[in-house]
Amino acid sequence: MTKPRSSSDRILLGVLGRLSRRCAVLKDWNAALRGLGIDGSMDAYPCTVSSLPERLSEMMHFDRRGYIVAPDLQRAIIRYLDRLDASASDAGAVDTVFNDGGVLIGFFAEDDTAHRKRIWMFA
């Protein structure tokens, strides 16, 4: 069994599944967090449609703030979320998840980093 994280101030973000530009996304987000003086990191988490419940459970257990969702998971993840933003409802897909104190909210940010920062409260 894994242990929950020990620092509640650290911001944890992740990429769920396979993104073609995953390395660049991780590099850019980790640099942005450092540049903002935020104690945090973004990591990649392998995920398939069948492992979505487990990954979302980890999001709660480890208090991860947000996930970027790979295209092949963007429709399947909807049924596991507590709420959808209008953007996700309109798109019929979720590319960004925000853990709002245990409530998992899905957004469709259209791969817009600035929008994700606003969603995850870094703007």
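## Helix H2 and its buried face

Helix H2 covers residues 52-61, and its buried residues are Leu52, Arg55, Leu56, Glu58 and Met59. Looking down the axis of H2, these residues fall within an arc of 150°, so they line one face of the helix. This is a predicted model.

What covers that buried set? Five strands are among the elements that do so: E1 (11-16), E2 (40-45), E3 (66-69), E5 (96-100) and E6 (103-107). Just after H2 comes aspartate 63, with a positive phi of about 55°.

## Helix H1: length and two sides

Helix H1 runs through residues 22-35 and has 14 residues. From its first C-alpha to its last it reaches 20 Å. That is close to the 20 Å expected at 1.5 Å a residue.

Which residues of H1 are buried? They are Val25, Leu26, Trp29, Asn30, Ala32 and Leu33. Down the axis of H1, these buried residues fall within an arc of 160°, so they line one face of the helix. The face turned away from the buried side carries exposed residues: Cys23, Lys27, Asp28, Arg34 and Gly35.

## What H1 packs against

The buried residues of H1 pack against strands E1, E2 and E3. They also pack against a helix, H4 (113-119). Strands E1, E2 and E3 appear again among the elements that cover the buried residues of H2.

Just after H1 sits glycine 37. Its phi is positive, at about 70°.

## The loop between E6 and H4

Two residues in this loop deserve a look. Glutamate 110 lies between E6 and H4. It has a positive phi of about 55°, although it is not a glycine. Is glutamate 110 buried or exposed? Its relative accessibility is 63%, and the cut-off for exposed is over 50%, so glutamate 110 counts as exposed.

Aspartate 111 is found in the loop between E6 and H4 as well. Its phi is positive too, at about 60°, and aspartate 111 is not a glycine. With a relative accessible area of 40%, aspartate 111 is partly exposed. That value lies between the 20% limit for buried and the 50% limit for exposed.

Conventions. Residues are numbered from 1 along each chain as its sequence is written. This is a predicted model: local features need pLDDT of at least 70, side-chain atom pairs count only at pLDDT 80 or more; totals for chains, interfaces and linings use all residues. Side-chain values use heavy atoms; hydrogens and water are left out. Buried means under 20% relative accessible area, exposed over 50%, partly exposed in between (1.4 Å probe, protein chains only). Helices (H or I, at least four residues) and strands (E, at least two) are DSSP runs, numbered from the N terminus. The arc is that of the directions from the helix axis to the C-beta atoms. Contact means heavy atoms within 4.5 Å. The expected span of a helix is 1.5 Å times one less than its number of residues.
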